[in-house]
Structures are given as C-alpha cells and as structure tokens.
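Me: I should like to learn how to read charged pairs and surface patches in a structural model. Could you guide me through them?

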Amino acid sequence: MFKKAKYNRILLALIVLLSVITVQSTLSQIVKKEINAIRISEPPKIDGLLDETAWENVPEATDFLQYEPFNDRPATFPTIVKFTYDDNAIYIGAYMYDPNPDSILTELGIRDSDSRINADNFSIDINPYNDGVNGFTFKVSASGVQTDVNRSGTGRRSPGSSTRGDINWDAVWDSDVQIVEDGWIVEMEIPYSALRFPDKEVQTWGINYWRDLRRYTETSSWNFADRQVRNQMNYLGIIKGIEGVKPPLRLALYPYISGYIEKSSSQDSWGKTLRGGMDLKWGITESFTMDVTLIPDFGQVRSDEKILNLTPFEVRYEERRQFFTEGTELFQRANLFYSRRIGSEPVGYEDVEDLLEEGEVITENPTKTKMINATKISGRTNKGLGIGFLNAMTLKSEAIVQNAETGEEHSIMTQPFTNYNILVFDQSLPNNSYVSLINTNTYMKDAGYIANVTGSEFNINDKSNLYGVRGEIAVSQQYIRDLDDNFGHKYEISAGKFGGEIRYRLSREVVSDKYDQNDLGYLRRNNEIENQVTFDYVNIKPTGILLSYGTGLNVDYNQLYNPRKFTGLNIGLDARAEFVNRFDIFIKGEYTPMGMKDYYEPRVEGRYFSIDRAFEMFSRFSTDSRKMIALRGGFRYQKIFSPYDQKTYSIEAIPRFRVNDKFTYSLGVEHQQRINDIGYITDNGPDSIYFGKRNSPTWIGTINASYIFTNTISLGFDLRHYWSRVDYDGSYYFLNEDGTLSLLENDLGEADLSYNAFTIDMVFRWNFAPGSWMVAVWKNIVDAEGDLVNNYFRNIDYMFSNNQVNSFSLKFLYYLDYQNIHKVFQKK
C-alpha cells in the first residue's frame, strides 16, 4: 500500500512540475491586424456583385497569408474583403481573384456541407466579445452553399465535419455568389439577430477572413494563423468603428405540421398520424437566448446504425435530433451530457418479462419514453461568463399486459414521469483558456430517485497556446428512497506541450468504482485508472513528396481502482503522412507485453479473465477527394498469443464517385472477422462463469447518394445492411479463480445466432424560404435476430421474411421572425 501511495504522489508531483514549467515557458506574441468598419445608409443588394455605392470607399482587407499547405508565405491569388454595417446587419463583400475562373470548383451540396464538397469557399470568423474562445463562422462556397458554425471553444469537432465547433447550429442569413472573368465574388448579409454581442456604444470585434482555393488545396487567411496551434479563434484580427448598434429583439417562431403513414409487415393496414407543434427562439437579453420545443417531432431523424453487441458495455449511438445537436456546446463540458438519455428506452423496459404473472402476456411495451417539451437557455456575458440551463420532461411510460384466458388487462410502470436538468457556468480566460462548473440532475418523483453529477472542466494555456494544463473532475450521487446515498468520483488531468513540432503530454485519469453518470451522461465503464505518457513529432512544412508527416509514441499503464490491481501495459507507435498527390495515410501498432486482466468480461464483480500478450496494427487512408473517383478505407489486425490462436482482422473500402457537380454516390463494404474469439456466455453466480470459443464474421454494406438540384433543393439516399454472425465451435470453458479457463466436457447448448440491421433513409429537402423547410422522408427498417444462417443470399431471404417497417412522412416548418414582421407593418 505504501508503494502504491508513493507512486501516486510521484506521478502527481510530475504533473504539477510539468505544469509550472509550461507556464513559465517563453511566450510568443500574436500579431493582430486591424481594420475599420464603415457605416452605410443604404444596404447593398445581395446579388454577388460589388457594384453599388455601399461598397465605395470602404477599407479593404488584403494580403492574405497561407495556412496550408505552406504556413509561411503569401496566398497564391489576391483576395479583397470589405466590411460595412447599418442598424440591422453587417455586410461582407469579398472578391477572390483567380486568373482561371473556369477552373474554380463549384460542386453543390446541402447546407452545412462544410469541406465535404469539392468547391472553393470563403468564410468569416467573428468573435463579438473578442475573448479568443467563442464566436461564429459563416461560410459560402463558390456554388452558393451556406455553412455556419457556433464556436464552442472546446476544440471539439462536430461529427462528419473538419470544422471545430457546433456545425449543427443554423442561423438565418443571406448570401449570393457570382463567378466573373477574373475570379468569383461573394456577398453576405448577417443580421444582428444571428449574432450575440455586448450592448455597448462602441464595439471592438475579433475577426478573420478565410479563403479555400480547392484545386490547389490551399487555405489562406487575412490575419496569420499558426497551423501548429490549430485554434482559429486565437488568431483573429481586430475590426473597429462599429458604433451605435443595439442588439435587436431576437424572437423567432418555427411552427410545424407533419403527417405520417406507417405500416409493418405484421399489420394489415397503414397507420396514419398527423402532428403539429412549434419551436421558439427568444433573445432574453442581447447575449442570452432561450430555445423551446413544444410537442417535438423527431420521426424524420435518420435511423441508427445498429450493431450486434457482445461486450458488457453499452453502445453509444450518435445524437441526430436537431434540438439536441444545435446550440448545446456549453452543455458538453466535462463530458457529462449524453442527450440520447432523454426520450430513451424506459429504465424498466427489460424487467416486464420478470413481473408477469402466470398466464399473462405483454400486449404493449413502448421502447422509448415520450418527451413532451424541452427548454435550453444559453449565452455569455460581456465579462466572458457563459451560462447555460437545459430542462426536458418525459411522460410516464407503461407496459400493458393481458391475461390470455380472461382478457383482463393491467399496466406495469416502466419509467415514471422524469425531469432532466443541466446547469453550467463557463468562464473565458486569457489565452483561449476557460474554466467551467456543470451539474446534471435526473429526478423521478414517483420512484423516489434523484441522480446528481457535478463536475468541472478547465483548459489553461500560455500566450503561445502551445503549452497548457487541461482536465476534468466530477462527483456523482444517486439517492434512492430508503437506501443510502451512493457517491463516486472521476478526474482527468493532462499537462504538456500541445502544439508545435515537438509535443508531449503526461496524463492521469481516475474513475472510481462507485462513479456513475449514466442517468444523463454516458460512461462506458468505471473502476479504472489510466496513466499515459505521449510524445509526438509533427512536421507541417512540405518536404519533397510530402506535404506533412509525423510520428507518435504512447505508453499506457492501467489499473483497477478498487481493488488497486494491475490490468495492463500498452505501448503504441504511430506514423502519419500526407503526400503532394493528396494521398493521406495513418498507421499505428500497439503491443501489450504483459497481457491484460479483464475485470469486465466476466460480468461478475471481483472476477477477471486473463488475456495473453497481444499485438495490434491498424491503418486508415484516403485518396485525393478533388478527383471524380476517390477512395478511403482501412484495415485492422490483432493477434493474441494464447493457446487458442485468437485473431481478429477487418478491412474497409468506400469508393466515392462524383458524376458531376450535382450527383455523387459512394459504395461501402466492410468485413470483420473474429477467429477463435473467447467470450462470456452465461453464469450461475460468482463461482460458475462460463465462456465459449466462437468465430464471428460481420459484413457491412452501404450505399449513399445525393442529387443536389440547387443550393436549396436536394435528394439524399442512404442504405445500410449490417449482418453479423456468432458461430460457437462447441468448446466451452469454466472461468477459474486465477483468470484462466478450464475446458468443459459438457455442451452448454445452442448459442449461435445471426443478426441483421437493414435501413433505408430517403430524404427530399426544399429550403423554400429563409429558415423554412419542406421535408419528405421514406424510411424502411428491418431489425432481425435469429438462428445462424451462413449463406448470404439465404440470409437476405431470411431477413426480409421478418417484420419490416415502412414509413412515409411529410413535414412543413415555417420561420417567423419578429424583425421581419415588424418591418412589414412599419411599411404599411
């Protein structure tokens, strides 16, 4: 015990020492360009032409500098940007000179396509508080596609995007583009209702302009940005001269009406549903906004990519509901919030079978709780204090059971009325730093249950943004009526050099055995300690055939928290490179020289399964996405040096075909194969745990296609077929106390299975007015688990013989803005 305590004190001392060293390092100064904004009396017409008097005699932002591929030289072609404003909006006019306008790339895409489309782009970063942390990005492609991002300051990327921040945030603003004989032009009108800024007579905003020259894969900016630091919001220039601007009343309504027809193959007729509701956005002050969804409708949300889960851990699925993907950046602090908990499977869904009396059958058991409304309030004061509050409520969920003989019915409550709350405070600090405090609360009054998790996240950087200390800490408590409180804790701290060519980090993460944030968050597992040392070398200067390259080394030492037992030592080495032909590759190898002790697979507290030393290698790659045909993919191979000859491999290939600027499709195939995999089957208590040896092949096929009629009308098609099998070879084992296995002479019975998940999501979108949409969706879903089928075509027949659900829906959502309505009445 003394040695363990001494080891922990030494490790924490090293972290503190490294923190002091990094803070005292030599600091580099960031040069910030300055420019003045010009007030205009008559707004320009947003038509993609800078031929009006509003653009005359306006200071020009010029002399753009490359961000990539070279981070130390002027942009290839000139760019000129002008900034004006009036009492209602800001206006940006940008002229991107190009001697070969017929070579400007103009692929169409849906809104927020970001860098996924093959098109030149212009964007503006705006930080009205000029705090180096928060702000907004507005981007327009040469084909007219809009993208907007709410910067969170967390450094996290939105799923499927290369942009840091919340890309699901959608503001209402106007833009247009024109390709001319010497380049292309973009005009933007961003109303003040799309921004949050302080109520001050004279405004000083942080600002930067960016240009993507796609055919050269060149990105440049007005104010220099250091690519080694990779934090755009820390490299903003200054725009002055914005005076006499008052934050407007920000009030918008989004009423909707939707209709559904749905039929499963087990039904004789189509079911019909008509729904209506409304979302509301209200600017409580100049900096704080309240979002409310009343009678929400999430029926058109894209289908989950379900998998067969043989692990003891819960699968985390991506959130796709817009209310919970837009404007939730503050609530992500300390990683305590997993929005899929709201409206998820009732906590007692699986228990209904055990509560049935003799002769009773289940006639109805809802798989999801029904959310009746949700509200979030968020914003930031002029002192840099961010405040967020979120509340959501779900109705009581009940299963209906029936006596098969008498027909008598009664209900079993699977989850009571539940109230979810989050409160967060986030203080911006100098040097892109911040510190936060967050609390999540789940309250089920009828069950006498309260779950609280309180945490903090901090990120402290020096002026160069290269060195820093980062971390999270949280405590959890569950209170159940008539039972003792249940406390747990976690913390993670990391210190080192996070930018530059040479990077290093020392980290320690501790999650106690009693810690539980899963009432409103997601934690894959608790009761663990991970200590990690990481070294990286990153070279972003093009050299020969390489545009950039790097390598890294990590060493992980893992323990169980309680009892404090060694669980594994892992050594990893990786390399990555991007070539001048835009071929990108990443390779990593990992070795566990001492094997592992897995305390989770036995599913019984205190028991573990010993895994021999192992080696794993995986890689991913992608080719030039500018080409008509591009390919991305990867492979993985794992070998466990055990008597069972355990191996795992997988290979994935996704070719993408761009037929023209409107039509793109991709075909994906992935094959995974677990050979002689050893895993848990069942147990009869802590002294009788049984494992089996199995082969488990998995095939995943996808078809993704999109046809973009205009930058406001699109058609998308997504098909996915997941097929996984589990085939036991008849070898079954008893788990011994020392973690080894003993072969059983008897057969444990049939455990083989096949699982299919098949989904089609076909979506037609029409942005018929600013902020207003018509969306038509066809969904087809098959979810089938059954006996083992080894032939692919016989499996297809088997899959479609199971219950299928087809759904067709049509939804109209209209944007009503108070400012626009007010202007109409003023004119009258």
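Reply: The following exchange takes up salt bridges and then a surface patch. Please note that this is a predicted model.

Me: How many salt bridges are there?

Reply: Side chains of opposite charge can pair when their charged atoms come close. In this model the count comes to 35 salt bridges. One of them joins the side chains of E60 and K82, at 3.9 Å from N to O. E60 lies in the loop between β2 and β3 and K82 in strand β4, so the pair ties together parts that are 22 residues apart in sequence.

Me: Is K82 buried or exposed?

Reply: The cut-off for buried is under 20% relative accessible area. K82 has 16% and is therefore buried, whereas E60, with 42%, is partly exposed.

Me: Which residue forms a salt bridge with E472?

Reply: The partner is K490, and the closest N and O atoms are 3.8 Å apart. E472 belongs to strand β25 and K490 to strand β26, 18 residues apart. E472 is buried at 13% relative accessibility, and K490 is buried at 9%.

Me: Which residues do salt bridges with shared partners join into one network?

Reply: That network consists of R111, D148 and D170. Within it, the side chains of R111 and D148 meet at 2.3 Å, N to O.

Me: Which residues form the nonpolar patch on the surface?

Reply: V533, F535, L553, V555, I571 and L573 form it, with about 460 Å² of accessible area together. Strands β28, β29 and β30 each supply at least two of the patch residues. L573, found in strand β30, is exposed, with a relative accessible area of 53%.

Conventions
Residues are numbered from 1 along each chain as its sequence is written. This is a predicted model: local features need pLDDT of at least 70, side-chain atom pairs count only at pLDDT 80 or more; totals for chains, interfaces and linings use all residues. Side-chain values use heavy atoms; hydrogens and water are left out. Patches are made of residues with over 30% relative accessible area and no salt bridge: like charges are joined within 9 Å, nonpolar side chains (Val, Leu, Ile, Met, Phe, Trp, Tyr) within 5 Å. Accessible areas come from the Shrake-Rupley method with a 1.4 Å probe; for residues, only the protein chains shown count as cover. A salt bridge is a side-chain nitrogen of Lys or Arg within 4 Å of a carboxyl oxygen of Asp or Glu. Helices (H or I, at least four residues) and strands (E, at least two) are DSSP runs, numbered from the N terminus. Buried means under 20% relative accessible area, exposed over 50%, partly exposed in between (1.4 Å probe, protein chains only).
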